[in-house]
Each structure stands twice: as C-alpha cells, then as structure tokens.
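Here's a quick tour of the pockets in this protein. Have the structure open as you read.

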Amino acid sequence: MTDAEIQAAFEQHKDAVYRFAWRMSGSASAAEDITQDAFMGLLRHPDRFNPARGSLRAFLLGIARNMALKRWRFDHRHEPLDDDAMVPAPVDLDRGAIGDVVGRAVQALVPLQREVVILVEYEGLTLAEVALAVDADVGTVKSRLHRARENLRRTLAPLRSPQPT
C-alpha cells in the first residue's frame, strides 16, 4: 500500500475503528489509543492486509479487536474471557434514556459476545466479515451472536414490559 492509500484508508475507516474500540473498551482514551495503534500497524506492515481474504475495514476492525481484547485481558486478569458467560441482571430503567440503557447492556456482555454484536449491529459487517475480523469461523460467530442477542433480550426485558404511569 502506498502512503496515499493508507491515508485514504484512515479517512474512510477511522470512525468505524474508533466506534468499535470505544464500544469494546467503554473508554474514549482507550479507543483513541486502539485506533491509533490499528492504523500504525497498517502503516508499519501494509503487506499483512490481503484483499483476497476480506475488506480493509474488516482487517482494521480485526486489529482493533485484538488490541481491545489484549487491553481487557490486562485490566481483568482474574476474569475469564468466557464466551458462555451470562449477563448479570436486568437493566435499571430509572438510570437513563433507552439508548443509554441499551449501551450499558451491550457493554455488560462478555467481550466475545460484545464484539460480534458491535460488528454486526452497529458497524453493519456481514457474518463472513466478522469471522475474518475476529479470526473465527462463521458458525462460531453465529453462535456468539445468538448468545449475545439472548442475553440482551433477557437483560433488556424491562423495556418491553408496560411501565406504570
């Protein structure tokens, strides 16, 4: 890749990479660091991107994903990165607007479920693109997405119940 192509990639994908990193980490400063590191990785090793394997966006999101998980593992050394873990409790509807409540519910998912929800629902990637980004097969992505949606459905159940007026 030329410098111009890398600059164009930055302009085109920086927002998606930042949004993903922010939603995974819950921190603006961590998201900035992850975004910068993802593009620095592309700048240093442009040969690692293979367009035959998938889109540049999926590739960059994969780099950001690896960095976000590395940070999560460091910050949560004593917690398992378990794909099957359940979300703790239903949300508290008195703690903000619906968008904020949904955002907190997504943030409460375990990282392997959170990343597929963010990539599919927020970033609009296909299952194949997500599989490339998270280095898993499509069946694994489908399974994680299903578990994540079920956990969100249970967690957000109070939103579906009629609220007293």
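How many nonpolar, polar and charged residues does the lining of the largest pocket have? Counting by class, there are seven nonpolar residues, six polar ones and three charged ones. Keep in mind that this is a predicted model.

## The largest pocket

This pocket holds about 350 Å³ of space. Its lining is made up of 16 residues. If you want to find the middle, look for Arg48, Phe59, Gly62, Ile63 and Asn66, the lining residues that lie nearest the centre.

Two helices to pick out here are helix 3 (56-75) and helix 6 (127-134), as each supplies at least two residues of the lining. Helix 3 is the top contributor to the largest pocket, giving six residues.

## The second largest pocket

Next in line is a pocket with a volume of about 220 Å³. Its lining includes Trp22, Arg23 and Gly26, along with Gly99, Asp100, Gly103, Arg104, Val106 and Gln107. Tyr122 also lines this pocket. By class, that lining comes to three nonpolar, four polar and three charged residues.

Which helices each supply at least two residues of this lining? They are helix 1 (3-25) and helix 4 (98-108). Of the contributors to the second largest pocket, helix 4 gives the most, with six residues.

Terms used. Residues numbered from 1 in each chain as written. Predicted model: local features only at pLDDT ≥ 70, side-chain atom pairs only at ≥ 80, totals over all residues. Heavy atoms only, no water. 1 Å grid on protein atoms, 1.4 Å probe; cavity = no way out; pocket = protein on both sides within 12 Å on 5 of 7 lines; lining within 4 Å. Points joined across faces, edges and corners; volume = space filled by probe spheres on them. Helix = DSSP H or I, 4+ residues; strand = E, 2+ residues; numbered from the N terminus. Nonpolar A, V, L, I, M, F, W, Y, C, P; charged D, E, K, R; others polar.
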